[in-house]
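This briefing introduces a single structure to a reader who has not met it before. Please look at the sequence and the model together before turning to the points below.

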Amino acid sequence: MEIQSHPPAHGDYSVVRAAVNNLREQIGQIIVGQEQMVELLMTALLARGHVLIEGYPGLAKTLTAKLLAKSIDAGFSRIQFTPDLMPSDLLGTHVYNVQTSSFTFRKGPLFSNLILIDEINRAPAKTQSALFEVMEERQVTLEGVRFAMEEPFLIIATQNPIDLEGTYPLPEAQMDRFLFKIKISYPTLDEEVLILRRHLDIRNMHELIDVKPTLAAYELKKFQDLLPSVHIEDQLLLFIADLVHRTRIHRDILIGGSPRASLALLYGSRALAMIRGRDFVIPEDVKDIAIPALNHRLVLTAEKEMEGGKVDDVIRQLLAQTEVPR
């Protein structure tokens, strides 16, 4: 399917906003509520950042990721993580060719554009380690040979905050490689009624998710390449640095944000500004992504956790204490 588009002129991001709104509307025809999750997924897409979605079963985590992939004319792979999954199941393996008497590399499912990893915390550390290089450098090195990933490249992973038996907590270094961790909750009563109404006249879920691509891969890449042109004032850079610095000295935080946390706020706020039709970042852009950009990078002290403290609450406290540029 050929999708015609035109890149936006410098300083005019209405084309970006229109394209994102088309994606949002198409997903919104099927997904009820979860507007913040959809907006953050779009933001991560433009910022070339990976996303971890955490929520209880049945909250459309996987469905939303599939809909996003179907709405973009690009390659898509879905991988179900299990305890017996091996690195070669992700990356691929060398296969002996009898005719040529040589080995050829057969690529695994990670060699695609949009990768959905279901229940990422069910695979052991050996398999998780296979994601370290590809998430950060967008390449895989096997037996000394480098294989670059084709752009766009985005990993959307899901995990369940309950039912932790047989799971493996993700290493901090791997968590830090996700641009956002999106926590989703149950729908409201009105939203639940709307979900039921939408299912009244369909025979199965396949009818519900029959969507067509509205954004071409080459178009998405052009949008991504515009990110450095989004202006951000020096005062806002200081605001980002100050906020992350405060996470390192806060009495309730054992491990604060690394420079990668500051970069996540920079890239995320620029992408969010584009989605909102601007070529410049405002303080609200940074504040709106602060929690998903930081909540998986911070570790509370044991005392604070015993008191029932939440990372999100500490981040809100830090936002209130950090001076916002005017």
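The points that follow cover the sheet, the helices, a surface patch and the salt bridges.

This is a predicted model, in which local features need pLDDT of at least 70 and side-chain atom pairs count only at pLDDT 80 or more, while totals for chains, interfaces and linings use all residues. Residues are numbered from 1 along each chain as its sequence is written, and side-chain values use heavy atoms, with hydrogens and water left out. Helices (H or I, at least four residues) and strands (E, at least two) are DSSP runs, numbered from the N terminus.

**The sheet**

- Five strands form an open sheet in the order 3-6-9-1-10, with parallel pairing; two strands pair if DSSP finds at least two bridges between them.
- Strand 3 (76-80) and strand 10 (178-183) stand at the edges with a single partner strand each, so one side of each is left without a neighbour in the sheet.
- From one strand to the next, the twist averages 15°; axes are lines fitted to C-alpha atoms, for helices over the stretch in contact, and angles run from 0 to 180 degrees between N-to-C directions.
- In general, the strands of a sheet pair through backbone hydrogen bonds, either parallel or antiparallel.
- Strand 3 runs parallel to strand 6 (residues 114-118), and five bridges join the two.
- Gln-80 has Asp-118 of strand 6 as its bridge partner.
- The covered face of strand 3 holds Ser-77 and Ile-79, whereas the uncovered face holds Phe-76, Arg-78 and Gln-80.

**Helices 1, 2 and 3**

- Helix 2 (residues 35-47) has 13 residues, which at 1.5 Å a residue should span 18 Å, and its end C-alpha atoms are indeed 18 Å apart; the expected span is 1.5 Å times one less than the number of residues.
- Of the 13 residues of helix 2, 11 are buried, where buried means under 20% relative accessible area, exposed over 50%, and partly exposed in between (1.4 Å probe, protein chains only).
- Among the buried residues of helix 2 are Met-37, Val-38, Leu-41 and Leu-45.
- Arg-48, just after helix 2, takes a positive phi of about 60°.
- Helix 3 (residues 61-70) is also mostly covered, with seven of its 10 residues buried, including Lys-61, Leu-63 and Leu-67.
- Arg-17 belongs to helix 1 (residues 14-28) and is partly exposed at 37% relative accessibility.
- Arg-17 and Arg-48 are 31 residues apart along the chain, and their C-alpha atoms are separated by 17 Å.

**A nonpolar surface patch**

- Tyr-56, Ile-162 and Tyr-186 make up a nonpolar patch on the surface, with about 310 Å² of accessible area together.
- Patches are made of residues with over 30% relative accessible area and no salt bridge, with like charges joined within 9 Å and nonpolar side chains (Val, Leu, Ile, Met, Phe, Trp, Tyr) within 5 Å.
- Accessible areas come from the Shrake-Rupley method with a 1.4 Å probe, and for residues only the protein chains shown count as cover.
- Ile-162 sits in the loop between strand 9 (154-159) and helix 6 (172-175) and is partly exposed, at a relative accessible area of 41%.

**Salt bridges**

- A salt bridge is a side-chain nitrogen of Lys or Arg within 4 Å of a carboxyl oxygen of Asp or Glu, and the count by this rule comes to 18.
- Arg-260 pairs with Asp-176 in one salt bridge, and their closest N and O atoms are 2.9 Å apart.
- Arg-260 lies in helix 11 (residues 259-275) and Asp-176 in the loop between helix 6 and strand 10, so this pair ties together parts 84 residues apart in sequence.
- Arg-260 is partly exposed at 26% relative accessibility, whereas Asp-176 is buried at 12%.
- Asp-252 and Lys-304 form another salt bridge (3.7 Å, N to O).
- Asp-252 is in the loop between helix 10 (234-249) and strand 12 (253-255), and Lys-304 is in helix 13 (residues 302-306), 52 residues apart.
- Asp-288 and Arg-276 also form a salt bridge, with 3.0 Å between the closest N and O atoms.
- Asp-288 lies in helix 12 (residues 283-294) and Arg-276 in the loop between helix 11 and helix 12.
- Salt bridges with shared partners join Glu-39, Arg-276, Arg-278, Asp-285 and Asp-288 into one network.
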